[in-house]
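Me: Please take a close look at a single part of this model, the place where its two domains meet. Then relate the rest to that part.

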Amino acid sequence: MENFTFYNPVRIHFGKNQVVKLKDELKNYNNILFTYGKGSIKKNGVYNRVSEILSDKNIIEFGGIGANPEYETLMKAVEIGKKNKVDFILAVGGGSVIDGSKFIAAAINYQGDDPWNMLSKYEKFSSAIKIGSVLTLPATGSEMNGGAVITRISSKEKLAFGSHILMPVFSILEPEVMYSLPDTQISNGIIDAFVHIIEQYITYPVNAAVQDAYSAALLKVLINEGPKVLENRLYYDSNANLMWAATMALNGLLAAGVPEDWTTHIIGHEITALYGIDHAQTLAIVLPGVLSAMKEEKSEKLLHFAQNVWNINIKDDNTAIDTAINKTEEFFHSLGIKTKLSDYNIPNCAISEICAKLEKQNFIKLGENKNINPEIVKKILEHQK
Ligand code: NZQ
Ligand code: ZN
């Protein structure tokens, strides 16, 4: 196992009627920026429940943060936040609202020319407004990590940034808020969490028994519980299991002490930036291509995955690995999510466009061994035409 430092201070309040915990969590803050998305929280009652608890605070609302949160929109919130001297940001929504709020939190305190430089030029930042979240969609893990992914429409860029100072102080996870999610968002959430685990697990072995066992177990939870949520949307226990699995998938625990390979996410972000496809759907397209193209160097972990996640006991290793990759793609299909570029009307000429964008951003040495070059990216995408 590699050396590591693990740090995760996010307080999680999980279960039924946990929004009441906001009262205590926010007792030391007065000017609160309450951020949310395009209206789902007003339809499912979450907005009213949160507003009621905050009725004695000075609340500044900022709604309208859409999926794949946009720099252009978020900068308006930065202005509002500065003007009102907000001392806390409460993000109520899915990954997009939480990520957007992390950007707002860092941008309000940013001292340089343009807060976008924190993403495009990896400019360091050392201060941010504190944030907390009420999660409404299990998928990204943003509620328990310090990462965020922001899109800039003017330049068609979708870039990630992060810091431990952007980790929420607390996150409230109520599985019942999932009842109002459309099926596609449930499927997206299952696949996003699935791929987060794979990208921390399917690399090369470093004898990290705990991390490997956790990864395999979490994948099995997603495979077993995810379809149950789709079958019976109001079955509390399966919603709870899915929500907690998605949070655990990207809170730093699985990545501690092991190599990682974020190739699928990096390529997927370009597909969203260029074609507006949902984040998880880009992952469903790219992952089978990555696993197939890199199966020789990932063979030991793929075999672990085949045996421990898919219970494949075929003697021939190569056949076992191919079966595991096929089963993964079939699982995505069973959730109603397609896995080929053509399924989303993305033309073949997009492949060179995606490769060129990646090269421009210097994403030319991807993977745990830094050997996934533009040629291999092309091969990955050709595989998923
Ligand atoms: O905007 P509203 O009206 O709230 O509707 C949202 C949105 O349309 C809706 N929704 C959310 N909760 C709902 C609900 N509808 C009904 N009932 C509810 N309870 O769902 C739609 C999608 O929401 P969004 O927040 O965009 O989805 P998700 O949580 O999948 O977030 C995706 C974003 O997170 C980034 C992605 O790149 C993408 O921009 N990621 C963030 C990561 C991180 N911070 O660690 C890692 C991930 O890999 C990912 O890249
Ligand atoms: Zn993701």
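Reply: What follows starts at the domain interface, then turns to the metal site and one strand residue.

This is a predicted model, where local features need pLDDT of at least 70, side-chain atom pairs count only at pLDDT 80 or more, and totals for chains, interfaces and linings use all residues. Residues are numbered from 1 along each chain as its sequence is written, chains are lettered from A and ligands numbered from 1 in the order written, and side-chain values use heavy atoms, without hydrogens or water.

The protein splits into domain 1 (11-176) and domain 2 (182-383). These bounds come from an automatic or database domain assignment. Taken over C-alpha atoms, the two centres lie 26 Å apart. Domain 1 brings 24 residues to the contact and domain 2 brings 23 (contact: heavy atoms within 4.5 Å).

About 2,100 Å² is buried between the domains, and carbon and sulfur atoms give 66% of that area. Buried area here is the accessible area (1.4 Å probe) that two parts lose on being put together, summed over both. On the domain 1 side, Pro138, Lys156 and Lys158 supply 27% of the area buried against domain 2, more than any other three residues.

Zero salt bridges are counted between the domains (a side-chain nitrogen of Lys or Arg within 4 Å of a carboxyl oxygen of Asp or Glu). Three residue pairs are in polar contact across the interface, both residues at pLDDT 80 or more. A polar contact is a pair of N or O atoms within 3.5 Å; within protein, one must be able to donate a hydrogen and the other to accept it, and residues adjacent in sequence count only if both atoms are side-chain atoms.

Strands β1 (11-14) and β7 (157-162) each supply at least two residues of the domain 1 side. β7 gives the largest share, three residues. Strands (E, at least two residues) and helices (H or I, at least four) are DSSP runs, numbered from the N terminus.

Now the metal site. Asp192 (OD), His196 (NE2), His265 (NE2) and His279 (NE2) coordinate the zinc ion (ligand 2) at 2.0 to 2.2 Å. Donors are N, O and S atoms within 2.8 Å of the metal (3.2 Å for Na, K and Ca); water is not among the atoms, so sites may look incomplete. His196 in helix α7 (residues 183-201) and His279 in helix α11 (residues 279-293) are 83 residues apart, and the pair links distant parts of the chain. His196 is buried at 3% relative accessible area. His279 also counts as buried, at 16% (under 20%; exposed is over 50%, partly exposed in between; 1.4 Å probe, protein chains only).

Last, Asn31 sits in strand β2 (residues 31-36). A polar atom of the Asn31 side chain lies 3.4 Å from the backbone oxygen of Lys85.
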